[in-house]
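The exercises below are meant for a reader meeting this structure for the first time. Work through each task with the model in view before turning to its solution.

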Amino acid sequence: MSSNKKTSKPLRPGIIWPKTKKGDRSSTETLKKIWSASFAAMGEDKTAKAVLDESKWRFKYNDYVKKHVAASLSTPDAALKAAKAGLQEARDLFEFLDQDGNTTSFADAVKNSSGSFETGFVKGSKPKGTPELEVPYKGKTLRGKEIEEQLKKWRDYGTIEPSAADGIAAVARNKQWADLSDMYFVMLGAGSAMGPYPLLLALGANVIAVDLNRKPIWDRLLRIARDSPGNLYFPLAKSQASLNTDDDLAANAGCDLLADAPRVAKWLTQVLPDKALTVGSYVYLDGEAHVRLVLACDAITSEMIQKRKAPVSLAFLCTPTDCHVIPAAAWAAARAQQNAVCGARVVKALVAPFSSKALASNVAPPVSSEDGETFTYVDGIVVEQGPNYATAKRMQHWRAILARDAGCIVSSNIAPSTSTVSVTSNRLFAWAYNGVTFFKPMEIFAPETSHAVMTALLINDLRDKKSVANPNTKLRNPLELFASGGFHGGVWRTAYTFGSVGTVSVLIHFVKVGAPYVIALLLLLFVYKF
């Protein structure tokens, strides 16, 4: 869960929040300035001022996210202007504290960076073989036709969009697409729980990995690379010639994106200069640090796009807990679910007297553009995640549409809610995940399934010239980039907003867990009585 607490801890070198008028480095004022600048760029002056004046930002930020999406849909130009202004405001506002204690603007720190890294290299030991897409699911490993059959089940149930099913099926059919030995991927946050690092290497890819300079992290990353048919490149603090073992490599590998972003940007603009690179941002930190980390990645990718001669593509994993433009068919399916006679409507009737916010309608009013186009969107925001998280994800959206407009291939698909260790270690989330599947067509996926399907969608975006990731594919509005390839786990097509089913899902979990005991007790009473 995100927090807007003031950052009162001693400042560490790297990207830091700017001082507010009060003299502190609270995130709230800066976030509001970023959103305000983005609204103002679309001519939404009243809303821009309302953002700055909002006294309950922590609990009302979601309303402004929805307004921002609606305003961005007015014209394609509005969406692009909003994205450019928001990112520029962030780059101008944030500061950078160097190792000597000197503070400058983050933009200047990136511009004037003089340092870099050595480049490490590890070649995998496994033979190339014949790569093939595999999807682990509920104890089985699906291949070929089995994958297509399961995709049809998910699609028909409403758990994924037809475009996601088509994209994954294309990779399953075109087995040569799964041979990634000709592709080079930069992974910012290579060790991320949701990142495709092991799968890319298993398919023979060349991976340029960036992650924290922590030996246990690199012990794992190096071990995976050695036991693969792929190749690994990575930043080193000193020349590899002076390092004799993998232990030595792990002890000197990596970097801190928050502290080293300018140096990482310079290194990545120069490494393998003749290779086309796909840059994936898979980073995450709790609370306000997430915004700073996403800003670091944005500066790095922006520098690479501007300064590398070879083509640069981008890759993001979008969260389902956001406000997205969605296909009209998904919107209609949510409305049909809401009108259907089912157990969910019974639950809705039971909780209505106690909570007006529980089980809110997932059918948002359509939005009309200035040229008469109609767009539908979903409000998947979970308010408790906080404005830091929402802003960080929106910044990634902004970079995605700007890069695509500049001619880059951009893969930016919605990933499903996934039962990662970090999520399920929180009991409330674990309970909610167990209960939420009561609401058709929701499904929570195991990490290994999410990794496989999202990697397949990435491969499809890079291989299929007709994919929406390709800038030559015409869109009515840049935000339609996020409407395709949705493997959302049912969030777009369920009757109630994802943010309003949490408490009820926890209650359903306890009903499911307790039901066998209640039945057993009733049977005992029956036997005892008769």
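In what follows, an axis is a line fitted to C-alpha atoms, for helices over the stretch in contact, and angles run from 0 to 180 degrees between N-to-C directions. The model is predicted.

**Exercise 1. Describe how helix α4 and helix α15 cross, and which residues make the contact.**

Solution. Begin with the two axes: those of α4 (residues 76-93) and α15 (residues 386-405) come within 9 Å and cross at roughly 120 degrees. Angles from 65 to 115 degrees count as roughly perpendicular and those over 145 as roughly antiparallel, so that a value between these ranges is called oblique. The crossing therefore makes α4 oblique to α15. Next comes the handedness, and the crossing of α4 and α15 is left-handed.

Now turn to the residues in contact. From α4 the contact takes in Ala79, Leu80, Ala82, Ala83, Lys84, Gly86, Leu87, Ala90 and Arg91, while from α15 it takes in Met395, Trp398, Arg399, Ile401, Leu402 and Asp405. Sorted by class, the contact of α4 with α15 has 10 nonpolar, 1 polar and 4 charged residues.

**Exercise 2. Work out the strand order of the sheet that contains β14, and say what lies across its strands.**

Solution. Start from the pairs. Strand β12 (residues 323-326) pairs with β14 in the antiparallel sense over 4 bridges, and within this pairing isoleucine 326 stands opposite threonine 376 in β14. Strand β13 (residues 367-368) also pairs with β14 in the antiparallel sense, over 2 bridges, and here the bridge partner of serine 368 is threonine 374 in β14. In the hairpin of β13 and β14, 5 residues lie between the strands, and glycine 372 takes a positive phi near 90 degrees.

Putting the pairs together gives an open sheet of 3 strands in the order β12-β14-β13, with antiparallel pairing. Its edge strands are β12 and β13, each of which pairs on one side only. Helix α3 (residues 57-72) lies across β12, β13 and β14, and runs at about 35 degrees to β12. As for burial, 5 of the 6 residues of β14 (residues 374-379) are buried, so this strand is largely enclosed by the rest of the structure.

**Exercise 3. Set out the sheet of 7 strands and the helices that pack on it.**

Solution. The 7 strands form an open sheet in the order β4-β9-β8-β7-β10-β11-β15, and the pairing is mixed. At the edges are β4 (118-123) and β15 (410-414), each pairing on one side only, and the twist averages 20 degrees from one strand to the next. One of the pairings joins β8 (residues 206-210) to β9 (residues 231-236), which run parallel and share 3 bridges, with asparagine 206 having asparagine 231 in β9 as its bridge partner.

Then add the helices. Helix α15 packs on the sheet and touches β10 (277-281), β11 (312-318) and β15, its direction making about 150 degrees with that of β11. Helix α18 (residues 447-463) packs on the sheet too, touching β7, β10, β11 and β15, and its direction makes about 150 degrees with that of β15.

**Exercise 4. Is phenylalanine 185 buried or exposed, and which residues does phenylalanine 185 touch?**

Solution. Phenylalanine 185 lies in strand β7 (residues 184-188). Buried means under 20% relative accessible area; phenylalanine 185 has 3% relative accessibility and therefore counts as buried. Leaving aside residues up to four places away in sequence, phenylalanine 185 touches Leu180, Leu200, Ala205, Asn206, Val207, Ile208, Thr278, Leu458 and Leu462. As a last step, compare sequence with space: phenylalanine 185 and valine 312 are 127 residues apart in sequence and 9.8 Å apart in space, C-alpha to C-alpha.

Notes: Residues numbered from 1 in each chain as written. Predicted model: local features only at pLDDT ≥ 70, side-chain atom pairs only at ≥ 80, totals over all residues. Heavy atoms only, no water. Parallel < 35°, antiparallel > 145°, perpendicular 65-115°, else oblique. Left-handed = near helix turned anticlockwise from the far one by under 90°. Contact = heavy atoms within 4.5 Å. Nonpolar A, V, L, I, M, F, W, Y, C, P; charged D, E, K, R; others polar. Buried < 20%, exposed > 50% of the residue type's maximum accessible area, 1.4 Å probe, protein only. Pairing = 2+ DSSP bridges.
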